[in-house]
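Me: Could you go through the charged contacts with me, and then the surface? Here is the model I have open.
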Amino acid sequence: MISPESFLKNLHVGLPREQRLALEAVGFAFEGLGYAYARLREGAARLAEASPQELQTMPLVPLFADAWAIIDYSHMARKLISTLKPRQELRSYCDETEIATLLRNRAHHIHNSLKNLSAKAAGPPLFGALSFAILEDGDLVETSDGSSVVRGWRAMVIPAGKPVEMLHRVAEGPAGEVRIEIPIGRFGLEAFDRFVNISELFFSAQRAVVHFDTKVAAGVESAVRKASLAAGLDPDEQLKHTGVAFVFDMRVAMEDEPATVTALPYAPIILAALGAK
């Protein structure tokens, strides 16, 4: 979702520290959201191709981990953006993603929801039910004017457990509009009496990144150029000052009294089962 050249990954060192920290974290949240959404689509595609017998043994937790990560990253991004006194475009992002904060808050107080939810006749498990749509052969039809029309789709609903009774809504898009990525998308999560369109959270983040990389970046560049000229400095040179990425890589030596360290082998059972490397 975020390119190496993105404004959010190349923040000018002259920005006030509070703004710089917030913008850097917004970029991190959006990038994490993008990775989680990509993994979610890959995992769902494998489920869609599995046989009924294979579905009985395939791990489902990784899909829910990514879905909840998207909700959490969306919540963090909107809260950080709200500290920046955003203009209309970014205020719209905060409004569009309010459901992420509502659902995240319910999840962080999960124990408080147990009594009320258990009293209901039907509903998903506490961590919810995930739904998504798959476009199969014949679902996407090209019209005479060259546009494509969706005639239908295959829907899958996956509960985070084994509910006795469950009612679930399939992901809803904006009113009067159905948006499904090809070949799989339209992800939704229902939990705690609330429903969130996971795919729309991703689309909202994409639009916000574009806004940062265009209008916000242009505004910062203009301010840096103006300040540089006023100080008698080369604006082009000053714009290059965006910090340096680095990683610490060091060796730890036990010279006096070697400590007892137990090295445990890593067994990526869940990742291997999903076909990840």
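Me: Where do Arg-225 and Glu-221 lie, and how many residues apart are they?
Reply: In this predicted model, Arg-225 and Glu-221 both lie in helix 7, which covers residues 198-230, and they are four residues apart, about one turn of the helix. Their side chains form a salt bridge, in which the closest N and O atoms are 3.1 Å apart.

Me: Is Arg-225 buried, partly exposed or exposed, and what about Glu-221?
Reply: Arg-225 is partly exposed, with a relative accessible area of 29%, and Glu-221 is also partly exposed, at 34%. Both labels follow because partly exposed covers the range between the buried limit of under 20% and the exposed limit of over 50%.

Me: OK, what about Glu-237, which residue does it meet in a salt bridge?
Reply: Glu-237 meets Lys-240, with an N to O distance of 3.0 Å. Glu-237 counts as partly exposed at 38% relative accessibility, whereas Lys-240, at 56%, counts as exposed.

Me: And which residues are joined into one network by shared partners?
Reply: Glu-221, Arg-225 and Asp-236 are joined into one network by salt bridges that share partners, so the helix 7 pair described above, Arg-225 and Glu-221, belongs to that network.

Me: How many salt bridges are found in the whole structure?
Reply: The search of the whole structure finds nine salt bridges. One salt bridge is formed between the side chains of Asp-72 and Arg-104, at 3.8 Å from N to O, and this pair links distant parts of the chain, with Asp-72 in helix 3 (residues 61-82) and Arg-104 in helix 5 (residues 98-108), 32 residues apart.

Me: 3.8 Å, why does that still count as a salt bridge?
Reply: It counts because the cut-off is a side-chain nitrogen of Lys or Arg within 4 Å of a carboxyl oxygen of Asp or Glu, and the Asp-72 to Arg-104 distance is 3.8 Å.

Me: Are those two buried or exposed?
Reply: Asp-72 is partly exposed, with a relative accessible area of 27%, and Arg-104 likewise counts as partly exposed, at 22% relative accessibility.

Me: Switching topic, which residues make the nonpolar surface patch?
Reply: Leu-140, Val-150, Trp-153 and Ile-182 make a nonpolar surface patch of about 340 Å².

Me: Where is Ile-182 found?
Reply: Ile-182 is found in the loop between strand 4 (154-159) and strand 5 (184-191), and at 60% relative accessibility this residue counts as exposed.

Methods: Residues are numbered from 1 along each chain as its sequence is written. This is a predicted model: local features need pLDDT of at least 70, side-chain atom pairs count only at pLDDT 80 or more; totals for chains, interfaces and linings use all residues. Side-chain values use heavy atoms; hydrogens and water are left out. Helices (H or I, at least four residues) and strands (E, at least two) are DSSP runs, numbered from the N terminus. Buried means under 20% relative accessible area, exposed over 50%, partly exposed in between (1.4 Å probe, protein chains only). Patches are made of residues with over 30% relative accessible area and no salt bridge: like charges are joined within 9 Å, nonpolar side chains (Val, Leu, Ile, Met, Phe, Trp, Tyr) within 5 Å. Accessible areas come from the Shrake-Rupley method with a 1.4 Å probe; for residues, only the protein chains shown count as cover.
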